[in-house]
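Colleague: I'm new to this one and would like a close look at a single part. Could you take me slowly through chain B?

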Amino acid sequence: MSLRIIVNPIACTGHGLCAELFPERIRLDRWGYPIIDPTLIPPHLEAHARRAVAACPDLALRIQSEPDTSG
Amino acid sequence: MTAPLEQPLTTRIGPRLLDLPAAVGLDTHLARFGPPPTDLGQLIAWVDSAGLRGRGGARFPTAIKLAAVARRRRAIVVVNATEGEPASIKDKALLHQAPHLVLDGAAAAGAAVGAREIIVAVERSAVATMEAAVAAADERRMAGLERLAVRVVGTPSRYVAGEETALVHWLNGGEAKPTLVPPRPFERGVSGRPTLVDNVETLAHLALIARFGPQWYRRAGTAEDPGTTLVTVTGAVTHPGVYEVEGGSSLAAAIEGAGSAMDDLDAVLVGGHFGSWISATEARQLTLGAGSLGSAGAALGCGALVALPRGACGVAETARITRWMADQNAGQCGPCVHGLPAMAEQLTVMAHGGRAVDHARNELLGLLPEIEGRGACRHPDGVVRLVRSALRVFATEIAEHHHRGPCAPSGPWLPTPSIGGWR
């Protein structure tokens, strides 16, 4: 299984903590909302991803696991 | 099901949906089309081989939607007559003119998916259409024709209120704003039930497929774009209105049929405010087929065609409708809330002309990728596509604005109706 981080754009109000905690996959747009790199998250970055999800005050982020297809 | 009509509905394939005069009663309807079919066991397969696609704008294969709902229990059918596209009136016109055909389609779809209830959702300012739907539903109940409960409701006059998750959310007592998917309505919709949300025109075609079968349906149109399709033609035409044309027929013919010469036009907006601009030169070469329009980066969408005359300013028109689309956002997703007004602002600068034009154009180009694909629904994506098409089709005009300022006032050619509330 591989992990991907996804945002609920309705819930997100642009606090921006996620980009601080997980810059490897998340940057902010000019208004402060996260732009997520959809690339799968390698195991060594998993802890960072989970920290970003846990820190979101809007509970707008989640981690989605999906079967490996890219190999 | 009934055998294919001995006699086609019209000689040369002409109107199928708009075959009868306005607001027909049940007797006239039954005399024309015969009794509604009762054996619907093959309906989904028929709809599949007919190649019917949703006519609300997304053109999603109707059979796939039907099958997804049919796999689940105790479904609800929603007839989507919200038609928030300001340049489209075909759904309201069709439901007004042929309410029984639409309700036949809803009943057939309802039977195929095992539904318990039909809800007809009409944008609430369309009073005559709502009345026609209510009268038709009453007539059918009295005649003992309607197996399912039919309820007609008036929906908020907002652009995104007809997006299917927004419509379901409103029907469940919330604001008419899109919700996050999944779950999609077919999984969990009205009252938590699996819900089939289908456009008015889609269901009317389905009613005819249920009666006459897929081979009959495919007698009109092309292999890729079978059947007929409704278009609303407005703008610089002498006879604006709703026309029924064959799938894959000529775009220019549709415009000229409404009383306009392509030579007098600068561009055509295909698909309404959620659509794309096509230059008049390009438009001459295209059909209304998905492949042909797709080659020009466009799609028929809801079927709205707006003719922009020579001398009108496509940039000013685009700025105006982008502003309107910005005002229509649901206030939910940051990139849409902030991005759409920002786009409108840069377009307004470009429409005014002068030395700020180049800078505004570059700003706009930077905004587009930052907005696209970042909403819960496709509203921002539609505006981005519209603006991209404007930058391409009106590139010369934009360059001229830089040197000589704004175009002479013309229009407005595209409607921007007043906005209602969310409930």
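Modeller: Here is a walk through chain B, from confidence to domains, sheets, helices and the contact with chain A.

First, some housekeeping: this is a predicted model, where local features need pLDDT of at least 70, side-chain atom pairs count only at pLDDT 80 or more, and totals for chains, interfaces and linings use all residues. Residues are numbered from 1 along each chain as its sequence is written, while chains are lettered from A and ligands numbered from 1 in the order in which they are written.

On confidence, the model scores ipTM 0.92 and pTM 0.94. For chain B the mean pLDDT (the predictor's confidence in each residue, from 0 to 100) is 94, with 96% of its residues at 70 or more. Residues 1–13 of chain B are another story: pLDDT stays under 50 there. Where pLDDT is low, the predicted coordinates should not be read in detail.

Now the domains, whose bounds come from an automatic or database domain assignment. Chain B is split into domain 1 (26–217), domain 2 (228–309) and domain 3 (314–404). The centres of domain 1 and domain 3 of chain B, taken over C-alpha atoms, are 34 Å apart. Seven residues of domain 1 and six residues of domain 3 of chain B make up their contact (two residues are in contact if their C-beta atoms, placed from the backbone, lie within 7 Å). On the domain 1 side, four are nonpolar, no residues are polar and three are charged. For that sorting, Ala, Val, Leu, Ile, Met, Phe, Trp, Tyr, Cys and Pro count as nonpolar, Asp, Glu, Lys and Arg as charged, and the others, Gly among them, as polar.

Next, the sheets. Helices (H or I, at least four residues) and strands (E, at least two) are DSSP runs, numbered from the N terminus, and two strands pair if DSSP finds at least two bridges between them. One open sheet of chain B has four strands in the order β3-β2-β1-β4, with parallel pairing. β3 (149–155) and β4 (195–199) of chain B each have a single partner strand, so one side of each is left without a neighbour in the sheet. Strand β1 (residues 75–81) of chain B is joined to β4(B) by five bridges, and V78(B) has V197(B) as its bridge partner in β4(B).

Another open sheet of chain B has five strands, ordered β6-β5-β9-β7-β8, and its pairing is mixed. Its edge strands are β6 (241–246) and β8 (276–279) of chain B. Within it, β5 (residues 228–235) and β9 (residues 304–309) of chain B pair in the parallel sense over four bridges, and G235(B) stands opposite A307(B) in β9(B).

How do helices α3 (residues 62–70) and α5 (residues 99–113) of chain B pack? They meet at an angle of about 45 degrees, with their axes 8 Å apart. Axes here are lines fitted to C-alpha atoms, for helices over the stretch in contact, and angles run from 0 to 180 degrees between N-to-C directions. α3(B) and α5(B) are therefore oblique to each other (under 35 degrees counts as roughly parallel, over 145 as roughly antiparallel, 65 to 115 as roughly perpendicular and the rest as oblique). L66(B), V69(B) and A70(B) of α3(B) meet A109(B), A112(B) and V113(B) of α5(B).

Finally, chain B touches chain A through ten residues, with nine residues from chain A. Helix α13 (residues 334–352) of chain B gives the largest share of the chain B side, three residues.
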